[in-house]
Amino acid sequence: MMTMSNAYIDDFPAEAKVIRAAFYSSFFALALGGVFGVIQTLHRTGYYRFIDSADYYTVLTAHGVFLVISFTIFFLVGIFTWAVTTSLDRGVEDLRFTWGWYGLMAIGITLSGVAILAGFTDATDISASVLFTFYAPLQGHPMFYLGLVLFVVGTWLAGVDWFRSWWAWKGENPDERIPLPTFMVLTTMLMWYIATLGVAAAILLFLLPWSLGWIETVNPLLTRTLFWFFGHPVVYFWLMPAYMMWYVLLPKVSGGKLFSDPLARVVFVLFLILSVPTGIHHQYLDPGIAEGFKFIAMTNTMFLLLPSLLTAFTVVASMEHGARQRGGTGYFGWLKALPWRDPVFTGMALAGLMFAAAGFSGMVNAGMNINYLVHNTFWVVGHFHLTVGTAVALTFMAVTYWFLPQVTGKALWSRSVALGQVVLWFVGMTFMSNAMHRAGLLGVPRRTAEPQYDGFEFEAAVGSIGELQAQIALGGILLTLSLVLFFANVIGTGLNGRSDDLPANEYAGTLSGPEDAPLVLDNLKLWTAIAIVLVIFAYTFPLLSIVDRGGLFGPELNPFPVSIESVTLLAFAVEHLAVGALESLSLPGLLEVIR
Amino acid sequence: MRISKAGLLVVLALLAPLLVELRTVLSWINVELSVLETAVVGAVLVAIVLVWAFLPENGEDEDTDETADRNVSNGD
Ligand code: HEM
Ligand SMILES: [Cu+2]
């Protein structure tokens, strides 16, 4: 049969199917996560509370895990598969293997998801309302941890799949540079392999055996530190695919070329090297880690700004090039010549703009001293809804409008709705995140079902808490509407018939190509070795001193199953003890008085 | 029109961060706007943008006029 178009599905029908499955899994998670998002927004702002506040943490766990684990990672394995197959111009080596890792990820996240959602019913005693950070002593059902392990192993195998493609390609093209999209996938995966060692250790050595009852206790600071060993670089696991889209797709939809291939390679190498040895910047307030180690983490973090600034430069330069190709002129006048009508472009541009704002609040988080001001407040939530919640999520939604036709062979249902959707996300997030940041500065805590306290009022310097709550709720509702539009488009596109008039499957060319990039940039072994050395420097001593002080499996510690009964029980016990203590104190006192 | 419809939509969207941040910035110089006042300022800004966008072009007063009437297409 003759194919009329050059869409991805025409060249790689079998791979397109896998990518489609990954995308739909991702969108399903996004839908669930979005529902929980608006529930908790309305709950904690006090506008509409229909769930029990005790269930708030189950909702929040589901929101966090479904959005930052399933939505983001399913989507990125989809675009990574696209990137490798397209840029090497070859199908995957073994399709069963590809379906195998997808299946493992799907089974894993289903197990974790069921464990979380089971927390809503009393029909089983399964629950995992441990939030996406699963800090001990919060304990989830073993199924939750097991599911996460399978999911992560699935991503490891996905990486193996892409490396296999590259090795096979290299065998046939020994003297060629690694095509840029594949280079980005490989460096990201190397970073991911190093990063996930932390969470694998935390779960397999400690949390899973503990939740199975094989070991009595864990050292909470140790598992926390291992979590953040992974927890910081995971943000780059979300971000690097978004960057990849900004480098290889955005210049194309702007009508131009990528400004510099070498610079893009430098950026990804820097991420590989610097992502992991920074995790301790999430623990500035943790007692038990010496200030000096925190200072090292802070320094590494500040260096990490560099690749993001390089990205901002390259991306804007590429956009300007595109605009001038389209006839734009003037100092700022070229901005008008950009394809604002195209939701793929506008979505990514707005996502990038919000990421710049996120960079500023991120600097505040990263500074050891000012971090104390915002730590665990709503500010932090405002910050990461700009990063993962917009820079990543909005980029993914925007590129969906390009990818969906590529992998389904069907025309997009509505470009206008798509444009409205990305703009609405931007506006909604502006309201929500601005108010979250400001509320955080007033001390409003995150992860709190009812942030209201007897005999205490948060005081706003400008406006009032009530206004901030309203602004958050308004933002949350606009974001939810935006999601509705997104799903309308995904479903509408699915219902369309096959189109043979689709754009070709291409990515941006470069102004300065790989021939300008020093060969050493492609030496993945070297960069991996440097990354490992830096990790050893940053983590050996902190980990040793944590184990030294708190023990490998912790001091005596009783697991704290997350259920409301245990809280009342605990309250009762505390009360009992307190009354007892008071009685023993006051009895001699009373006798004294009587005498 | 001086700007494409999509461009206009984006410009209007950009008013949102401008407005919410403006309120904070103004408070530094002791100008505290209530929600209603902020909304009024917003409405005025929207009106100004709309008038500017729909005003017929008259040549020299805008330095970017050449690109404006090129009726930027949407890239397909
Ligand atoms: C409809 C859109 C969304 C709304 C209304 C929303 C709302 C919220 C709210 C109010 C919280 C804070 C709850 C608290 O600390 O008590 C929260 C937390 C969070 N959100 Fe969202 N969000 C949305 C979309 C997203 C997206 C797209 C992502 C990421 C891709 C995301 C990731 C997170 C994470 C990781 C947390 C922290 C969970 C935790 O503290 O354990 N959210 N969200
Ligand atoms: Cu971090």
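## A buried salt bridge in chain A

In this predicted model, Asp522(A) and Arg265(A) join their side chains in a salt bridge, at 3.1 Å from N to O. The two partners come from distant parts of the chain, 257 residues apart. Asp522(A) sits in the loop between β3 (510-512) and α17 (524-550). Arg265(A) belongs to helix α10 (residues 261-274). Both residues are buried.

The structure holds 11 salt bridges over all chains. Another of them pairs Glu320(A) with Arg324(A), whose closest N and O atoms are 2.7 Å apart. These two residues lie 4 residues apart in helix α11 (residues 291-325) of chain A, so about one helical turn separates them. Glu320(A) is partly exposed, at 26% relative accessible area. Arg324(A) is partly exposed as well, at 34%.

## The iron site

Two histidines of chain A serve as protein donors to the iron atom of ligand 1: His63(A) and His385(A). Each uses NE2 and lies 2.0 Å from the iron. The site has 6 donor atoms, with angles of 86 to 179° among them, and is octahedral. The histidine pair links distant parts of the chain, 322 residues apart. His63(A) is in helix α3 (residues 56-88), and His385(A) is in helix α14 (residues 378-408).

Buried means under 20% relative accessible area. His63(A) has 13% relative accessibility and therefore counts as buried. His385(A), with 14%, is buried too.

## Where chain A meets chain B

Chain A gives 29 residues to the contact and chain B gives 26. Together the chains bury about 2200 Å², and 65% of that area is on carbon and sulfur atoms. Across the interface, 2 residue pairs are in polar contact. On the side of chain B that touches chain A, the elements giving two or more residues are α1 (5-28) and α3 (65-68). The largest share, 13 residues, comes from α1(B).

The count of salt bridges between the chains is 1. Its partners are Glu467(A) and Arg23(B), at 2.6 Å from N to O. Glu467(A) is partly exposed, at 25% relative accessibility. Arg23(B) counts as buried, at 8%. The pair crosses from helix α16 (residues 465-495) of chain A to helix α1 of chain B.

## A buried threonine

Thr187(A) is placed in helix α6 (residues 180-211) of chain A. Its relative accessibility is 0%, so Thr187(A) counts as buried. Leaving aside residues up to four places away in sequence, Thr187(A) touches Met240(A), Phe268(A), Leu272(A) and Leu524(A).

Conventions:
Residues are numbered from 1 along each chain as its sequence is written. Chains are lettered from A and ligands numbered from 1 in the order in which they are written. This is a predicted model: local features need pLDDT of at least 70, side-chain atom pairs count only at pLDDT 80 or more; totals for chains, interfaces and linings use all residues. Side-chain values use heavy atoms; hydrogens and water are left out. Donors are N, O and S atoms within 2.8 Å of the metal (3.2 Å for Na, K and Ca); water is not among the atoms, so sites may look incomplete. Four donors count as tetrahedral if all angles lie between 85 and 135 degrees; four count as square planar and six as octahedral if opposite donors are over 155 degrees apart and all others between 65 and 115; anything else is irregular. Buried means under 20% relative accessible area, exposed over 50%, partly exposed in between (1.4 Å probe, protein chains only). Contact means heavy atoms within 4.5 Å. Buried area is the accessible area (1.4 Å probe) that two parts lose on being put together, summed over both. A salt bridge is a side-chain nitrogen of Lys or Arg within 4 Å of a carboxyl oxygen of Asp or Glu. A polar contact is a pair of N or O atoms within 3.5 Å; within protein, one must be able to donate a hydrogen and the other to accept it, and residues adjacent in sequence count only if both atoms are side-chain atoms.
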